[in-house]
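Colleague: Hello! I am new to this one; could you walk me through it?

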Amino acid sequence: MNESIGLGTLFLSSFLAATLLPGGSELVFAGVITTGAATVWPALAVATLGNTLGGMSSYVLGRLVPDKKIGARALDWVRRRGTLVLLLSWVPLIGDALCVAAGWLRLNPWWAALFIALGKFGRYCVIAGLIA
C-alpha cells in the first residue's frame, strides 16, 4: 500500500471514528505503521487531524441543538470544568458525548479544538509507543 492511500484511509477512519458513528481508528493507525504504509510522525499527524476534525463535527452538532435548559448531571460536569474535559474526548463512548456537550454549552471553539487535538494526539502517541 502506498503512503497516500494509507494516510488517506487513516484520515477517513480517524474522522469517522470521532463522529457519532460507531467505529474505531486504532487498528487502521496500527496497520498503517506496521505495514510501512507511512512512518510514525505523518501517521500521528494525519490521525490526530482526522480525529480532531471528527470531534469538532460533533461539537458543531451540539451547537445546532436549541439552547434550552437541560439538567443532566453530565452536562453540569462539563459546564463546571469547561473545555479542559475535552482532553478526554478520545475515551470510547463518552468522548463523542463530551464534544456534543461542549458545543451545546457554547464553549470556546478554539479551546475546544486545542484540547480535543491534545487528547487525540496523546492517545495515538500511546498506541505508537506500544507498537514500537
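Modeller: Happily! A word to settle beforehand: a residue counts as buried when its relative accessible area is under 20%. Please keep in mind that this is a predicted model.

Colleague: Thanks! How many of the 11 residues of helix α5 are buried?

Modeller: Helix α5 spans residues 94-104 and is mostly covered. Its buried residues are Gly95, Asp96, Leu98, Cys99, Ala101, Ala102, Gly103 and Trp104. The count of buried residues in α5 is therefore eight of 11.

Colleague: Which residue with a positive phi follows α5?

Modeller: Just after α5 comes a residue whose phi is near 60 degrees. That residue is arginine 106.

Colleague: Is serine 14 buried or exposed?

Modeller: Serine 14 sits in helix α1, which covers residues 3-17. Its relative accessibility is 0%, and the cut-off is under 20%, so serine 14 counts as buried.

Colleague: Which side chain makes a polar contact with that of serine 14?

Modeller: Leaving aside residues up to four places away in sequence, serine 14 touches Ser25, Ala47, Gly50, Asn51 and Tyr124. The polar contact between side chains spans 3.5 Å, and the partner of serine 14 is tyrosine 124.

Colleague: Are α2 and α3 roughly parallel or antiparallel?

Modeller: The axes of α2 (residues 26-34) and α3 (residues 40-64) come within 9 Å and cross at roughly 160 degrees. Angles over 145 degrees count as roughly antiparallel, so α2 and α3 are roughly antiparallel.

Colleague: What class are the residues in that contact of α2 with α3?

Modeller: Phe29, Val32 and Ile33 of α2 meet Val40, Ala43, Leu44 and Ala47 of α3. There are no polar and no charged residues in the contact, and seven are nonpolar.

Terms used
Residues are numbered from 1 along each chain as its sequence is written. This is a predicted model: local features need pLDDT of at least 70, side-chain atom pairs count only at pLDDT 80 or more; totals for chains, interfaces and linings use all residues. Side-chain values use heavy atoms; hydrogens and water are left out. Axes are lines fitted to C-alpha atoms, for helices over the stretch in contact, and angles run from 0 to 180 degrees between N-to-C directions. Helices (H or I, at least four residues) and strands (E, at least two) are DSSP runs, numbered from the N terminus. Angles under 35 degrees count as roughly parallel, over 145 as roughly antiparallel, 65 to 115 as roughly perpendicular and the rest as oblique. Contact means heavy atoms within 4.5 Å. Ala, Val, Leu, Ile, Met, Phe, Trp, Tyr, Cys and Pro count as nonpolar, Asp, Glu, Lys and Arg as charged, and the others, Gly among them, as polar. Buried means under 20% relative accessible area, exposed over 50%, partly exposed in between (1.4 Å probe, protein chains only). A polar contact is a pair of N or O atoms within 3.5 Å; within protein, one must be able to donate a hydrogen and the other to accept it, and residues adjacent in sequence count only if both atoms are side-chain atoms.
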